[in-house]
Amino acid sequence: MLVYFMYNSKIKIYLGGKMKMSKKLISILLSVVMVVSVFTTLPIASAVETNSNSTENTETKYVTNLGGTYTGPIKNKSKRFYFAMPKEWRTFSNATACAYWWDGEDSCVDWQNSYEMRPTTIDTDDGSKVYYIDVAEDVNVILFNNGIDLGQKSEDEELPPNYGKVCQTVTIGLEGYGPNESMTYPDGLDSMNNMIYVPNDIEDESLSSKVYGGEWYYLHSDGKWDTVKGSVYETKDVNVKLDKRKDTVNIGGTIQLNATFENLSPDAKITWSSSDTNIATVDNNGTVYGVDEGTAKIKISVQNPGETTLLCTYCTVEVKSVLLGIKITKLPSKTTYYEGEELDSDIITKGIEVVAIYSGNRKVVLNSAFYDEDNHDGYIVAEPRYEVGKNTVTIKYGGFTDTFEITILSKQIKGITVYPPEKLTYVVGEDLDIDGMDVIADYADGTFGNVYDYSIGDYDFSTVGEKIIEVTCRGQKGHFMVYVEPKDIDEILVSLSPDRTDYYVDDEIDSSDIEVYIQYADGSLEETKDYYLNYDFSTAGKKIVTVSYHNYRKSFVVNVKSKTEPTTTKPTVKKVTKVEVSKNSVTLLNGRSTTVKATVTPTNATNKKLKWTSSNAKVATVNQSGKITAKGRGTATVKVMALDGSNKYATVKVTLKQPVTSVKLNRKSANLKVKGSSKQKTVTLKATVYPKNANNKAVSWKSSNSKIATVNSKGKVTAKKKGTCYITVTAKDGSKKSAKCKIVVK
């Protein structure tokens with residue numbers, strides 16, 4: 001924006017046609033504008049002196065008042081503003097005062113959707129016309145214009161008849177003036193409600209539109225305006241408001257529009273109409289009936305006897321089709337397959353035709369979402385498990401379904417590979433959960449595929465330890481391993497033999513002297529020998545003995561006495577001073593084992609017995625020979641501890657990784673065309689990594705000849721030129737497992 005003084009003491013303001021300005025900035029500018037004019041002569045029933053061309057009689061089709069006549073807010077309380085549109089703004093006979101605003105109820109946002117203002121009967125000396133509009137109380141800014149669109153130049157640089165004849169005001173604040181914000185009203189204005197905005201004659205022609213500033217004045221009952229507060233001008237025109245500006249209705253359905261009237265004469269003429277009766281109709285009570293898909297404007301017109309202006313307001317109604325169902329009108333070209341064939345939603349629906357049925361007898365052929373994921377008319381295919389025999393395929397769209405069947409014929413298999421389920425650790429008494437388990441058949445013809453007609457062998461989860469689960473399919477066998485843990489434990493209970501209450505220095509507690517029980521959360525008890533003791537009987541006195549079972553401990557006190565002088569010398573007891581292991585850490589693949597050796601120092605220790613335990617049996621287990629077996633992904637610590645009461649131990653860190661054992665592609669070959677459609681030029685390959693709990697499932701893609709076909713990181717293959725090449729997908733975990741697809745480009 002640029003402001004400068006002209007030689008004739010006027011101020012020139014350059015302002016963008018749609019620029020939003022703060023109330024304070026506008027007030028300051030307007031105050032500067034009025035510094036010359038306000039204190040010389042105030043306008044009396046006059047907007048501006050005019051020296052422009054007379055009003056043209058022609059009309060233009062380029063108008064902005066697409067919002068129709070505005071009859072006030074529907075829900076909120078209103079405030080009224082008047083606008084004196086100068087004579088020179090009426091460059092066409094259908095020019096009229098319009099307004100738009102950005103906030104509040106029924107905001108119209110932009111110039112093209114301006115609302116038409118309502119005329120008054122005020123006569124002015126200079127030919128200005130006075131209009132008014134009622135807006136909601138939460139509207140803070142407004143802009144007035146002459147209802148003419150800017151227009152566009154044609155290709156031959158010809159100007160439309162309205163080009164450069166658009167007039168508008170600056171963005172006008174409606175929140176009042178604070179003290180000293182306006183030179184016209186130095187004490188400020190609390191509100192502009194019922195005041196009139198009068199433009200000045202300082203115009204900016206830097207754009208196609210002419211922009212004017214102005215000032216607010218009090219509009220009095222005689223139609224005159226000035227800066228002195230007094231009587232208030234009132235209009236008593238008929239007014240009508242609809243309870244909706246926009247609404248939707250389904251084909252064959254109805255909605256009700258309700259009208260509220262003000263100042264309505266008993267003899268007023270009220271008319272309802274539709275802009276397109278092929279889309280929607282309306283009766284004399286405002287009931288709208290949806291006929292066909294599209295948009296129509298429902299108009300109500302009202303006119304009191306003797307009034308010259310017909311008042312109209314609108315509700316925009318969108319008529320929508322209602323989805324009644326879907327139907328498969330043509331089956332796929334192929335519905336019988338053999339095990340091991342590459343099957344997905346693309347293949348099994350090839351040649352199918354699915355039709356969506358809407359109200360109004362409208363039918364739409366749907367596209368497969370597999371081909372066009374961004375197409376809203378794409379249906380969803382709920383694929384079956386492809387078991388031998390009849391398989392039901394479900395097509396879903398818009399909450400409706402239809403189905404068809406495919407038949408899978410069996411083939412001879414020469415072996416199976418079992419990829420274990422997600423859950424490999426159980427608690428005593430639990431049932432087997434095979435969710436996530438895959439059984440892959442190795443068919444006699446060299447192909448592979450999932451099979452589901454397998455059986456699970458008997459198993460026993462009543463005891464703790466490793467369990468082998470056998471899987472059988474058509475005489476072929478496979479298996480996987482699980483581990484059964486003890487049930488949830490509340491505590492351990494220790495019972496001492498009543499025959500052994502006293503011990504002597506350097507005695508050892510015999511297993512016959514003690515019984516250890518596990519008390520489970522369900523209240524049951526179970527005796528265990530899988531515990532170790534910690535005590536020191538090297539001196540006499542009261543001694544604490546600690547019983548440990550995994551992470552549970554229980555202690556008791558015994559009395560240790562000094563021994564009488566022996567008749568013969570007893571060998572000296574040598575305690576373990578150090579425990580060492582052959583490996584401080586091991587990394588294992590799932591299901592694999594390794595043995596760690598442990599040694600004690602000194603080599604002639606009196607008691608060399610050791611106890612092996614694992615911190616997390618879900619990750620790794622260990623037996624009393626130091627054999628560590630991997631059970632599930634993660635880390636665990638294996639501890640080996642001396643049992644002579646010395647508390648010496650060593651640890652082994654165990655890390656489990658699950659490598660990729662195979663990679664499968666959803667198809668072994670594909671034919672593409674260089675000059676075909678987008679569907680014929682590309683194909684997206686899908687890679688599946690086994691097992692599902694592999695640590696690293698990432699894969700890389702590579703073309704054997706990128707001049708013939710390229711492949712991106714998501715497996716999308718694009719034809720480049722005629723020829724044959726192979727697309728290879730390889731696991732990134734270092735296992736070097738891969739799969740290939742033959743690509744033929746024609």
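**Worked exercises: rings, contacts and confidence**

His 479 comes out as partly exposed, since its relative accessibility is 47% (buried is under 20% relative accessible area, exposed over 50%, partly exposed in between, with a 1.4 Å probe and protein chains only). The model is predicted, so local features need pLDDT of at least 70 and side-chain atom pairs count at pLDDT 80 or more, while totals for chains, interfaces and linings use all residues. Numbering starts from 1 along each chain as its sequence is written, and side-chain values use heavy atoms, with hydrogens and water left out.

**Exercise 1.** Place His 479 in its strand and list its contacts outside the local sequence.

Step one: look up the secondary structure. His 479 belongs to strand S37, residues 476-485 (helices, H or I of at least four residues, and strands, E of at least two, are DSSP runs numbered from the N terminus).
Step two: skip neighbours within four places in sequence. That leaves Val 418, Ile 468, Ile 469, Glu 470 and Val 471 in contact with His 479 (heavy atoms within 4.5 Å).
Step three: check the Val 418 case. Val 418 and His 479 sit 61 residues apart in sequence, yet their C-alpha atoms are 6.3 Å apart.

**Exercise 2.** Count the aromatic pairs, then work out the geometry of Tyr 100 with Trp 102.

Step one: apply the ring rule. Rings of Phe, Tyr and Trp (its six-membered ring) pair if their centres lie within 6.5 Å; planes under 30 degrees apart are stacked, over 60 edge-to-face, and the rest tilted. The tally is 20 aromatic pairs.
Step two: classify. Tyr 100 and Trp 102 are edge-to-face, because their ring centres are 5.7 Å apart and the planes make 75°.
Step three: check burial. Tyr 100 has a relative accessible area of 1%, so it is buried; Trp 102 is at 19%, so it is buried too.

**Exercise 3.** Analyse the pair Tyr 197 and Trp 216.

Step one: geometry. Tyr 197 and Trp 216 are edge-to-face, with 5.2 Å centre to centre and 70° between planes.
Step two: sequence context. Tyr 197 is in strand S11 (residues 195-204) and Trp 216 in strand S12 (residues 209-219), so the pair ties together parts 19 residues apart.
Step three: burial. Relative accessibility is 0% for Tyr 197 and 1% for Trp 216, and each counts as buried.
Step four: widen the view. Ring pairs join Tyr 197 and Trp 216 into a cluster with Phe 81, Phe 83, Trp 89, Phe 144 and Tyr 212.

**Exercise 4.** Find the rings under Lys 639 and Lys 664.

Step one: use the test, NZ of Lys or CZ of Arg within 6 Å of the ring centre and within 35 degrees of the ring normal.
Step two: read off the hits. Lys 639 lies over the face of Tyr 649, 4.3 Å from the ring centre, and the charged end of Lys 664 is over Phe 448 at 3.9 Å from its centre.

**Exercise 5.** Decide where to trust the chain.

Step one: take the average. Mean pLDDT (the predictor's confidence in each residue, from 0 to 100) is 83, with 88% of residues scoring at least 70.
Step two: find the extremes. Strand S1 (residues 2-5) is lowest at a mean of 32, and strand S19 (residues 280-282) is highest at 97.
Step three: flag the weak stretches. Residues 1-55 stay under 50, with 118 contacts beyond four places in sequence. Residues 369-375 are also below 50, with nine contacts beyond near neighbours.
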